[in-house]
Amino acid sequence: MSSVDSNQEHLSQSDPSPSPNSSSSFELIDMDVSSLYEPVSSHWFYCKVIDSKEIWIPFNSDDSQQLEEAHGSGKECNERVVPTDGGRYDVHLGERMRYAVYWDEPPSEVRRCTWFYKGDKDNKYVPYSESFSQVLEETYMLAVTLDEWKKKLESPNREIIVLHNPKLMVHYQPVAGSDEWGSTSTEQGRPRSVKRGVENIPVDIHCGEPLQIDHLVFVVHGIGPACDLRFRSIVQCVNDFRNVSLNLLRTHFKKAQENQQIGRVEFLPVNWHSPLHSTGVDVDLQRITLPSINRLRHFTNDTILDVFFYNSPTYCQTIVDTVASEMNRIYTLFLQRNPDFKGGVSIAGHSLGSLILFDILTNQKDSFGDIDSEKGSLGTIEDQGDVPTLEEDLKKLQLSEFSPVFEKEKVDKAALALCTEKDLQEMGIPLGPRKKILNHFRTRKNSMGVNRPATSASEVNSPKENGDYLDVGIGQVSVKYPRLNYKPEIFFAFGSPIGMFLTVRGLRRIDPNYKFPTCKGFFNIYHPFDPVAYRIEPMVAPEIEFEPMLIPHHKGRKRMHLELREGFTRMSMDLKNNLLGSLRMAWKSFTRAPYPALQASETAEETEAEPESSSEKSSVNTEETPVEVKEDLPINVGMLNGGQRIDYVLQEKPIESFNEYLFALQSHLCYWESEDTVLLVLKEIYQTQGIFLDQPLQ
């Protein structure tokens with residue numbers, strides 16, 4: 001009992017509430033409570049296991065209210081399924097479990113919480129079980145009604161809870177073992193605070209998300225299972241991206257929200273890493289992996305090798321099939337759960353994920369009509385439109401007599417496009433007609449813009465030119481690219497190596513007239529220190545040297561250090577020009593001829609100085625050309641983004657400008673929590689709906 005008394009004395013000293021041992025304190029309590037009991041307000045929580053540690057997270061206020069209403073709806077409440085978190089999770093009330101809807105994730109325990117105690121190692125409060133919370137509430141009600149305190153309860157885990165008064169309730173965790181007298185203490189260890197009601201604990205409870213969904217964005221990750229420096233999954237990173245977007249909608253689209261013109265943009269992750277590495281390739285790699293530097297080799301096998309997998313015909317097919325089928329599956333499920341959705345769809349890719357989406361988009365066919373009117377259809381989409389048949393093409397080439405040959409071999413137009421000269425020779429087609437047919441299909445593919453996958457090693461090694469342009473598909477792995485069940489409106493690439501891969505594949509230049517068959521917009525967004533990112537615009541307009549578009553800071557203006565840097569650059573340029581002008585005038589006065597020949601001498605010197613000054617001016621203009629071109633002169637960057645600029649660069653933070661090498665890796669993983677990136681995405685999406693920012697950013 002001595003340990004109990006000391007613990008109670010310690011709590012009395014540390015807590016500012018009146019001591020339970022003084023008679024005056026009971027009088028104060030009697031005056032405050034007045035023997036009135038008010039039922040406790042409940043809030044719903046779910047449990048997440050992070051680093052083998054359970055963390056209880058509250059549902060937002062709207063979701064908790066829906067769960068509470070479903071809980072009190074009657075006997076059938078246990079059969080209810082309540083959608084939460086914007087429809088991304090379902091809570092099965094009977095099981096008290098929370099399940100992810102669109103992706104694979106272990107289910108989470110759900111609890112209706114009323115009583116809490118402070119955790120062991122941190123200051124976060126942990127809810128008691130629902131059954132024991134009910135026992136605590138009944139004991140508390142009796143204590144308040146009868147004004148009888150110092151109630152002791154023992155939890156199912158043999159933990160002791162003591163209710164001293166409404167403001168002082170403590171929890172004792174028993175310590176295994178007995179004292180030197182052989183008796184086991186019932187109240188040992190450091191006492192923990194007990195709180196009644198969620199309003200008495202320090203926890204952030206957010207308001208709910210808008211019910212209206214204006215746009216859907218699929219987000220595809222890059223190499224490896226981790227997407228940031230905290231080794232979080234694509235689901236967690238997209239959650240951050242979505243939360244940033246909700247905050248920016250409240251601050252930068254406030255008028256549109258108040259007028260109920262907009263709701264929110266839904267971002268859903270697409271995971272292809274897990275299906276790829278579940279094919280058994282990891283077991284094969286483990287057999288040939290050296291035992292030294294085990295962690296580094298495991299990291300390499302799990303992340304960097306994804307790049308090589310994508311360049312392998314077998315695993316590239318697995319990757320593109322997984323990405324396309326996942327997006328189609330999620331899109332169909334989303335429409336089933338949101339039948340009133342009338343918004344558009346966009347796609348975003350980070351790192352290698354952007355290259356996967358680029359290849360899929362370049363191999364889409366815009367010949368199946370308007371899919372928007374058939375959103376719920378899962379059937380096969382047949383080609384439509386005025387596409388000439390094989391017979392018409394042969395008639396145009398004056399080779400109609402060979403139509404029976406192709407009909408006999410069951411060769412249609414698509415199959416003929418894949419035939420080589422050897423294949424046509426085996427069919428019995430003479431040399432002249434063979435050359436005509438091959439040249440016709442080759443020219444037709446090139447005129448369509450880009451995107452024929454290489455069908456043989458010789459085509460990869462010897463890419464065929466079409467004037468100054470090459471097929472975008474040159475060097476692509478020969479795989480069958482699946483069709484998407486929708487037309488993406490905008491394609492966002494974050495930290496993308498698309499430009500590098502196209503160059504390595506043998507592409508020298510992108511045809512300015514080329515655009516994605518089914519996607520109108522393309523934004524290449526990158527951090528200036530991102531080691532993986534490459535530009536796209538120089539491949540469209542290589543003859544012009546110009547800077548990318550600078551993404552405005554989400555609070556307006558440029559960052560201070562960038563403005564200072566530009567100011568110093570302009571000042572140094574002005575000083576240089578003034579100094580050169582002063583030296584030139586001094587030299588002219590020093591070499592001035594005698595007075596009678598002054599006029600002729602000055603004329604000669606001026607003619608000599610003109611090319612010199614013009615060369616200096618041209619050098620100055622050359623240095624300032626990117627800024628002048630970007631601000632004053634229109635730049636033809638092609639039709640990939642509908643004639644608008646493609647490359648957009650973020651502003652580096654002041655601390656990042658001190659050492660760009662130190663922040664290189666972080667720069668490649670910074671997009672998930674970047675307000676500037678998210679605001680650009682929201683701005684471009686809502687501009688297609690005629691909705692703009694409250695105040696344009698400069």
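How many bridges join strand β13 to β14? The points below answer this and then move through the rest of the architecture, bearing in mind that the model is a predicted one.

1. Strand β13, which covers residues 213-220, is joined to β14 by seven bridges, and the two strands run parallel. Within this pairing, Val219 has Pro269 of β14 as its bridge partner.

2. These two strands belong to an open sheet of seven strands, whose order is β14-β13-β15-β18-β19-β21-β20 and whose pairing is parallel. At its edges lie β14 (264-270) and β20 (549-550), each of which pairs on one side only.

3. Helix α5, formed by residues 234-252, packs on this seven-stranded sheet and touches β13, β14 and β18 (490-494). The direction of α5 makes about 170° with that of β14. Helix α23 (residues 675-687) also packs on the sheet, where it touches β13, β14, β18, β19 (521-526) and β21 (647-649); the direction of α23 makes about 170° with that of β18.

4. Another open sheet is built from six strands in the order β8-β7-β12-β11-β10-β9, and here the pairing is antiparallel. Its edge strands are β8 (125-127) and β9 (151-154), each pairing on one side only. On average, and with direction ignored, neighbouring strands of this six-stranded sheet are turned by 30° against each other.

5. Inside the six-stranded sheet, strand β7 (residues 115-118) pairs with strand β12 (residues 192-196) in the antiparallel sense, over three bridges. Tyr117 stands opposite Val194 of β12. Helix α4, made of residues 130-146, packs on the sheet and touches β7, β9, β10 (160-165), β11 (168-172) and β12, while the direction of α4 makes about 170° with that of β9.

6. A reader may also wish to look at a pair of helices, α10 (residues 313-337) and α11 (residues 352-362), which pack at an angle of about 80° with their axes 10 Å apart. Because angles of 65 to 115 degrees count as roughly perpendicular, α10 is roughly perpendicular to α11.

7. Which residues of α10 meet α11? They are Ile319, Val320, Val323, Ala324 and Met327, and on the α11 side they meet Ile356, Leu357 and Ile360. Sorted by class, this contact of α10 with α11 has eight nonpolar residues, with no polar and no charged ones.

Key. Residues numbered from 1 in each chain as written. Predicted model: local features only at pLDDT ≥ 70, side-chain atom pairs only at ≥ 80, totals over all residues. Heavy atoms only, no water. Pairing = 2+ DSSP bridges. Helix = DSSP H or I, 4+ residues; strand = E, 2+ residues; numbered from the N terminus. Axes fitted to C-alpha atoms, helices over the stretch in contact; angles between N-to-C directions. Contact = heavy atoms within 4.5 Å. Parallel < 35°, antiparallel > 145°, perpendicular 65-115°, else oblique. Nonpolar A, V, L, I, M, F, W, Y, C, P; charged D, E, K, R; others polar.
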